[in-house]
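Colleague: I've got this model open on my screen and would like a close look at a single part, the nonpolar core. Could you walk me through what makes it up and how the rest of the chain sits around it?

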Amino acid sequence: MQKNKIFHILSYIPLLFLISLFIPEKDNPTVRFHCGQGMLLTIVSAACSAITRTLSFTLGWIPFAGSLIVYAFSALSGLVVFAFMIIGIVNAATDKTDPLPLIGKYAFYR
């Protein structure tokens, strides 16, 4: 049980959810839940990064406002992803299976 908790926690660190896919306990419903939440969080993080790069490319030529928009979106999305990661780690450490706020219901690996 304690060993699984480590895999639950690691699932919320981007790309480390892959470890949970290859452990012998991967068919455990709780391991699958946290792995799915971590997978979704990694996808959201990558999407936010892609949007930031697109905004930087398209708005980067506007001297002040473009940079301000890009930095604001980058900072806000980074804080949201970090907050979701902390919420997921706390849930995993306390053996809760609460989905992440706003995005948790869209996890497809259950």
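**A close look at the core**

Modeller: Let me start with the charges, to get them out of the way: the protein has 8 positive and 4 negative charges, and the mean positions of the two sets are 8 Å apart. Keep in mind that this is a predicted model. The mean pLDDT is 88, and 98% of the residues reach 70 or more. Confidence is lowest in helix α1 (residues 2-10), with a mean of 82, and highest in α4, with a mean of 93.

Now the overall layout. You're looking at 4 helices and 0 strands, so to speak in the order α-α-α-α along the sequence. The C-alpha atoms fill a box of roughly 55 × 25 × 20 Å along the principal axes. Of the 110 residues, 34% are buried. As for the outside, the accessible surface is about 6,700 Å², and carbon and sulfur atoms account for 74% of that.

On to the part you asked about. The largest nonpolar core has 11 residues in all: Y12, F33, L40, L41, V81, F84, M85, A92, L100, I103 and A107. Helices α3 and α4 (65-93) each supply at least two of the core residues, and α4 gives the most, with 4. As a general point, nonpolar side chains in soluble globular proteins tend to be buried together.

For a closer view of one core member, try V81. Setting aside neighbours within four places in sequence, V81 is in contact with L41, V44 and S45. One of these partners, L41, is itself listed in the core.

Next, click on T42, which lies in helix α3 (residues 29-59). T42 counts as buried because its relative accessibility is 12%, and the cut-off for buried is under 20%. Leaving out residues up to four places away in sequence, T42 touches P14, L15 and F17.

Contacts like these link up with a figure for the protein as a whole. Among contacts between residues at least 6 apart in sequence, 57% join residues at least 24 apart.

If you want a route through the model on screen, begin with α4, which gives 4 residues to the core and has the highest mean confidence, at 93. Then move to V81 and its contacts with L41, V44 and S45, and finish at T42 with P14, L15 and F17.

Technical notes
Residues numbered from 1 in each chain as written. Predicted model: local features only at pLDDT ≥ 70, side-chain atom pairs only at ≥ 80, totals over all residues. Heavy atoms only, no water. Buried < 20%, exposed > 50% of the residue type's maximum accessible area, 1.4 Å probe, protein only. Contact = heavy atoms within 4.5 Å. Areas by Shrake-Rupley, 256 points an atom, 1.4 Å probe, with all protein chains shown as cover. Lys, Arg positive; Asp, Glu negative; His and termini not counted. Charge placed at Lys NZ, Arg CZ, Asp CG, Glu CD. Core = buried A, V, L, I, M, F, W, Y, C linked by side-chain atoms within 4.5 Å. pLDDT = per-residue confidence, 0-100.
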